[in-house]
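Here's a quick tour of a small set of computed features, meant to be read with the model open beside it.

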Amino acid sequence: TTESIVAPRATACGASIYLAISIFDRTTENLDEWKEIKKGNVAVAILLGGVIFSIIAIIIPSAANLLH
């Protein structure tokens, strides 16, 4: 069924996004992104949003191809 196919792939997509954010966080050792975002630093929020958007832009076409 479609549901049995979608759930593991959605989990894999979520895990990929989490992994990308973790790698980005490790590469910016001197910057605590989440702390800066909580302080209202819009530039850091935009940067992290760009990272997330980029990963999603890569994952979505691949995930769509897997569903067909």
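What follows goes from the overall fold to a few individual side chains.

**The big picture**

This is a predicted model, so a word on confidence comes before anything else. The protein averages a pLDDT of 83, and 82% of the residues score at least 70. Confidence varies along the chain: helix 2 (residues 33-38) has the highest mean pLDDT of the elements at 92, while helix 1 (residues 2-27) has the lowest at 80.

As for the fold, there are three helices and zero strands, giving an α-α-α order from the N terminus on. The third of these, helix 3, spans residues 42-67. Of the contacts with a separation of 6 or more, 57% link residues 24 or more positions apart. The surface side of things looks like this: the accessible area comes to about 5200 Å², with 67% of that on carbon and sulfur atoms. Buried residues make up 19% of the 68 in the protein.

**One salt bridge**

The salt bridge count is one, and the pair is Glu36 with Lys39, whose closest N and O atoms sit 3.2 Å apart. The two partners fall into separate burial classes. Glu36 counts as buried because its relative accessible area is 19% and the cut-off is under 20%. Lys39 counts as exposed because its value is 61%, where exposed means over 50%.

**A buried Glu without a bridge**

Which side chain of opposite charge is nearest to Glu33? That would be Arg26, and it is 11 Å away, so to speak out of the picture: Glu33 is buried yet has no salt bridge. Glu33 belongs to helix 2. What its side chain does have is a polar contact with the side chain of Thr28, at 2.3 Å. Setting aside neighbours within four places in sequence, Glu33 is in contact with Phe24, Asp25, Thr28, Val44 and Leu48.

**Far in sequence**

Now for helix 3, which is where Phe53 lies. Is Phe53 buried or exposed? Phe53 is exposed, because its relative accessible area is 61% and the class begins at over 50%. Phe53 and Ile17 are 36 residues apart in sequence, and their C-alpha atoms are 9.3 Å apart in space.

Here are the distances between pairs in one place.

| Pair | What is given | Distance |
|---|---|---|
| Glu36 and Lys39 | salt bridge, closest N and O atoms | 3.2 Å |
| Glu33 and Thr28 | polar contact, side chain to side chain | 2.3 Å |
| Glu33 and Arg26 | nearest side chain of opposite charge | 11 Å |
| Phe53 and Ile17 | C-alpha to C-alpha | 9.3 Å |

Key
Residues numbered from 1 in each chain as written. Heavy atoms only, no water. Salt bridge = Lys/Arg side-chain N within 4 Å of Asp/Glu carboxyl O. Buried < 20%, exposed > 50% of the residue type's maximum accessible area, 1.4 Å probe, protein only. Helix = DSSP H or I, 4+ residues; strand = E, 2+ residues; numbered from the N terminus. Contact = heavy atoms within 4.5 Å. Areas by Shrake-Rupley, 256 points an atom, 1.4 Å probe, with all protein chains shown as cover. pLDDT = per-residue confidence, 0-100. Lys, Arg positive; Asp, Glu negative; His and termini not counted. Polar contact = N/O pair within 3.5 Å; in protein donor to acceptor, adjacent residues only side chain to side chain.
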